[in-house]
Amino acid sequence: MDAYPEGYAGKFLKVDLSSESVSKEATDSAIATKYVGGVGFGAKLLYDQVVPGVEWNDPANRIIWALGPFNGTALPGSGTFCVISKGPMTDLAASSQANGFFGAYLKTNALDGIVVDGLAKRWCYLYIHDGVAELRNADHLLGKDTWETEEALREELNDRRLSVCCIGPAGENTVRFAAVVANKSHVAGHNGLGAVMGAKKLKAIAVSRSTFMVPVADASRLSSLTREHARMLQEATAKGGMYKWGTAANLPQMPDEGTLPIKNYTTNIFPEYMRFSGEYIRTQFEVKPNPCWACPTHHCETIKVTQGPYTGYEGEEPEYEQLAAFGPVIGQTDPGAATMLSNLGDQLGLEANECGWLIGWVMECYEKGLLTKSDTDGLEMIWGNVEATAALLRKVAYREGCGNLLAEGVKRAAEKLGGEAVQCAIYSQKGASPRGHDHRPRWDEMMDTCFSNTGTVEVGGAYLQPEQLGYPSIPSVRTMHDPWQTPVAIALGNGRRQFEDCLCACRFLYPNLQRTLDILNAITGWEFDKDRAMEVGRRVINYLRVFNLRHGLTKEMEVPSARYGSVPVDGPNKGLAVMPNWDFMRSVYYQNMSWDPDTGKPLPETLRRLGLEHLVADLEDI
Ligand code: SF4
């Protein structure tokens with residue numbers, strides 16, 4: 001085995017819950033150069049260790065925390081970590097990232113990640129400190145929400161800086177859209193990773209900061225790039241935008257685009273939208289910076305509500321998608337109430353987007369008489385009813401009464417109810433939850449949601465900076481409705497996001513690909529350029545694609561639900577129809593990904609070109 005490259009610890013922690021054993025395994029350095037880290041490591045481990053027939057809640061499923069070469073450095077936002085598994089929303093691959101401190105602390109314990117296998121006989125948590133790991137009894141943590149769990153472990157382990165990655169009641173009760181929550185508000189939310197932890201009886205992973213210093217190829221160059229990058233971020237923060245006002249900074253432009261999701265897509269009219277903008281919230285409420293590891297921006301803040309019925313409420317400031325889910329999606333107009341509901345969702349350990357689509361669907365069904373009070377355990381689920389929403393979230397998290405069916409997520413709940421209720425539900429046919437936008441005028445992101453292999457978007461807007469990838473700009477790709485150019489554009493950009501998710505740094509902070517590559521090369525001593533970066537990203541995508549095909553993916557699942565792909569009835573995109581073009585666009589996308597245009601299977605030459613020739617035979621059986 002070659003010496004492990006700089007930027008890595010060279011070891012993964014292997015946890016077998018069934019036998020209550022932990023051990024460290026050296027990883028091959030060739031894996032690092034080929035898959036880089038994060039989702040790249042996770043995709044390979046998942047494929048190799050979770051064979052077809054293993055379901056998301058089987059003991060043989062794995063849940064993997066994977067780090068990358070940026071973790072453990074002083075780079076802004078390098079506390080990020082990636083969680084990979086087979087997820088319960090899609091019954092296919094799941095990959096989700098969260099920021100905070102967990103990734104940085106784990107690396108200081110000389111680890112590149114953790115692979116968890118098996119099923120514990122009793123509830124447990126994993127404690128990692130001073131480079132050692134131990135499984136401990138978690139009976140006393142059961143029933144605690146994610147914030148209480150973090151607090152209890154900090155007290156018990158006498159470490160106020162402890163970073164805790166845990167599940168709340170939703171994960172304990174295997175709610176399909178349960179999230180993994182770290183540092184209170186940093187959520188690896190998509191595709192039910194918290195339910196996988198719950199199915200394994202793993203309540204939390206607690207990590208103390210230790211002393212391992214990650215080796216770096218060119219420390220002086222990295223130091224100067226880090227300083228330069230931090231200065232650039234500080235300057236950008238002073239100018240405004242997301243770094244100054246948070247992720248709701250751009251909300252005011254959304255109604256004009258028709259991209260603000262309102263009342264479960266039944267309208268595009270929401271006069272109260274300005275109250276949900278980042279600038280409004282930050283100038284009207286009391287906020288304080290609450291940054292992640294080495295982050296100089298003002299993206300994350302704590303908040304005290306100063307207006308409306310929830311005046312005095314204190315918690316974490318909601319992200320845009322939480323504001324959307326607990327505001328316009330459910331016809332709710334008070335940002336203070338949205339703050340309370342967002343925090344409640346995080347505490348219960350629920351993924352916010354799916355909460356919004358679920359509650360919005362219940363409210364529409366209630367309005368139409370498809371659900372009545374007897375179906376909702378007496379809750380009056382009218383649009384915007386905040387207290388009924390809070391009560392329903394608790395029922396879902398504990399699978400109480402009507403919450404038991406709703407805990408399956410909107411797709412499965414709607415299919416169980418049947419009839420017109422199915423027509424009202426927003427989901428992809430894979431089961432993935434769309435992000436918190438009205439995608440009907442965003443054909444790019446609707447396709448990304450439906451075609452992605454991870455349970456959430458995979459391309460993530462990479463096509464918006466085509467010049468960084470070396471191809472010419474396609475004007476207005478974000479809002480154009482061209483059945484040929486839109487899928488071509490997203491296919492061309494696909495790979496960049498997955499490459500960046502191999503590095504494990506906050507996606508918000510690294511908009512310049514060349515600078516990112518300069519940093520990677522200073523850490524590792526490699527000579528990555530954009531082509532090699534895109535090759536890694538494409539390798540990850542194709543690895544996950546073959547995994548999914550072997551686990552049951554068909555092209556019929558890469559379609560929006562009836563409501564998700566419906567025609568807006570009012571607003572700026574009234575009458576715009578995506579579905580007449582869908583089959584054609586999917587085929588164009590497949591073709592431009594070098595997949596079979598009819599089936600979506602990667603072509604053998606595509607796999608060989610990416611160094612994945614060993615997967616060719618696996619695809620032949622499908
Ligand atoms: S931009 Fe936000 S999420 Fe990213 S590192 Fe900074 S505070 Fe954390």
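**Exercise 1.** Which lysine lies over the face of Trp 147, and at what distance from the ring centre?

*Solution.* Keep in mind that this is a predicted model. Look at the ring of Trp 147: Lys 184 lies over its face, 4.8 Å from the ring centre. Now do the same for Tyr 8, where Lys 107 lies over the face at 5.9 Å from the ring centre.

**Exercise 2.** Work out how the rings of Tyr 8 and Phe 41 are arranged, and where the two residues sit.

*Solution.* Start with the count: there are 19 aromatic pairs in the structure. For Tyr 8 and Phe 41, the ring centres are 6.0 Å apart and the planes meet at 50 degrees, so the pair is tilted. Next, place them on the chain: Tyr 8 belongs to the segment before β1, while Phe 41 is in helix α2, 33 residues apart. Then check exposure: both Tyr 8 and Phe 41 are buried. Finally, widen the view, and ring pairs join Tyr 8 and Phe 41 with Phe 12, Phe 499, Trp 526 and Phe 528 in a cluster.

**Exercise 3.** Explain why Cys 424 forms no disulfide with Cys 365.

*Solution.* Find the closest cysteine sulfur to that of Cys 424: it belongs to Cys 365, 4.9 Å away. The cut-off is 2.5 Å, so this gap is too far for a bond. Overall, the structure has zero disulfides. As for exposure, Cys 424 is buried at 1% relative accessible area.

**Exercise 4.** Trace the open sheet of six strands and find its edges.

*Solution.* Read across the sheet: β8-β7-β12-β9-β10-β11, with mixed pairing. The edges are β8 and β11, each pairing on one side only. Zoom in on β7 and β8, which pair antiparallel over six bridges; Leu 126 has Leu 135 in β8 as its bridge partner.

Notes. Residues numbered from 1 in each chain as written. Predicted model: local features only at pLDDT ≥ 70, side-chain atom pairs only at ≥ 80, totals over all residues. Heavy atoms only, no water. Buried < 20%, exposed > 50% of the residue type's maximum accessible area, 1.4 Å probe, protein only. Pairing = 2+ DSSP bridges. Helix = DSSP H or I, 4+ residues; strand = E, 2+ residues; numbered from the N terminus. Phe/Tyr/Trp six-rings, centres within 6.5 Å; stacked < 30°, edge-to-face > 60°. Lys NZ or Arg CZ within 6 Å of the ring centre and 35° of its normal.
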